[in-house]
Amino acid sequence: MRTIRYFMLMIPVVFSLLSLGCSEQKMADPSEAVEISGVVTLDGKPLSDAEVTFLPADGDPLVGPALTITDNKGSYTMSVNAPRDYKITVDRMANGGPNPALKEYHGAETSLKAGVSKENTSFDFELTSSK
């Protein structure tokens, strides 16, 4: 009898905890996606085969990052999930790891930023080699 009473008291607690895990978070609306493009240069020359990543500046996991690779002219085109401010990382693998010449442009300490909107869709990055 005591077990049944305990079980009956636990039912509302379990449902309350389950409802906390089902919050109203929504993924980015696909109609908000913005196509962006630009050119990446390093020391004045096109940077080919570079990984360009746009990360939401506010860290919103529901928007998530967008990533692409530059072509042989340093050009890139990609779609980001929502208009907002982004931090940009740029890297090109060298000898199986991050390129030391680009160390200030990859990771959390990147200085590259872009304010993406429906009207602002072109972002060129003129990079200089790290010493």
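In strand 5, Met 78 is the bridge partner of Ile 36. That is one spot in a longer match: strand 1 (residues 34-42) and strand 5 (residues 75-80) pair in the antiparallel sense over six bridges. Pairing here takes at least two bridges found by DSSP between two strands, and strands are DSSP runs of E, at least two residues long, while helices are runs of H or I of at least four, with numbering from the N terminus.

A word on what you're looking at: this is a predicted model, in which local features need pLDDT of at least 70 and side-chain atom pairs count only at pLDDT 80 or more, while totals for chains, interfaces and linings use all residues. Residues are numbered from 1 along each chain as its sequence is written, and side-chain values use heavy atoms, leaving out hydrogens and water.

Zooming out, the protein chain has one helix and eight strands, running α-β-β-β-β-β-β-β-β from the N terminus on. Of its 131 residues, 31% are buried, meaning under 20% relative accessible area, with exposed set at over 50% and partly exposed in between (1.4 Å probe, protein chains only). Contacts, meaning heavy atoms within 4.5 Å, reach a long way along the sequence: among those with a separation of 6 or more, 65% join residues 24 or more positions apart. The chain exposes about 8,800 Å², with carbon and sulfur atoms supplying 57% of it; accessible areas come from the Shrake-Rupley method with a 1.4 Å probe, and for residues only the protein chains shown count as cover.

Back to strand 5, whose side chains alternate: Tyr 76, Met 78 and Val 80 point to one face and are buried, while Ser 75, Thr 77 and Ser 79 point to the other and are not. Across from it, Val 34 sits in strand 1. Its C-alpha is 8.4 Å from that of Met 78, although the two are 44 residues apart in sequence. Leaving aside neighbours within four places in sequence, the contacts of Val 34 include Met 78, Ser 79, Val 80 and Pro 83.

Then there's the open sheet, four strands in the order 4-3-6-7 with antiparallel pairing. Strand 4 (66-69) and strand 7 (112-116) are at the edges with a single partner strand each, so one side of each has no neighbour in the sheet. Strand 6 (residues 84-91) is joined to strand 7 by five bridges, and Lys 87 has Lys 113 in strand 7 as its bridge partner.

Two buried residues, side by side:

| Residue | Location | Relative accessible area |
|---|---|---|
| Val 34 | strand 1 | 4% |
| Ser 48 | loop between strand 2 (45-46) and strand 3 (51-56) | 17% |

Not counting residues up to four places away in sequence, Ser 48 touches Thr 70, Asp 71, Asn 72 and Arg 92.

What about the core? The largest nonpolar core has 25 residues, of which Phe 54, Ile 88, Val 90, Phe 125 and Leu 127 touch the most other members. Such a core is a set of buried Ala, Val, Leu, Ile, Met, Phe, Trp, Tyr and Cys residues joined through side-chain atoms within 4.5 Å. Its largest share, four residues, comes from strand 1. Val 90 is in contact with residues including Val 40, Val 52, Leu 102 and Leu 127, leaving aside neighbours within four places in sequence.

Finally, ring pairs link Phe 54, Tyr 76, Tyr 86, Phe 123 and Phe 125 into a cluster.

How values were computed:
Rings of Phe, Tyr and Trp (its six-membered ring) pair if their centres lie within 6.5 Å; planes under 30 degrees apart count as stacked, over 60 as edge-to-face and the rest as tilted.
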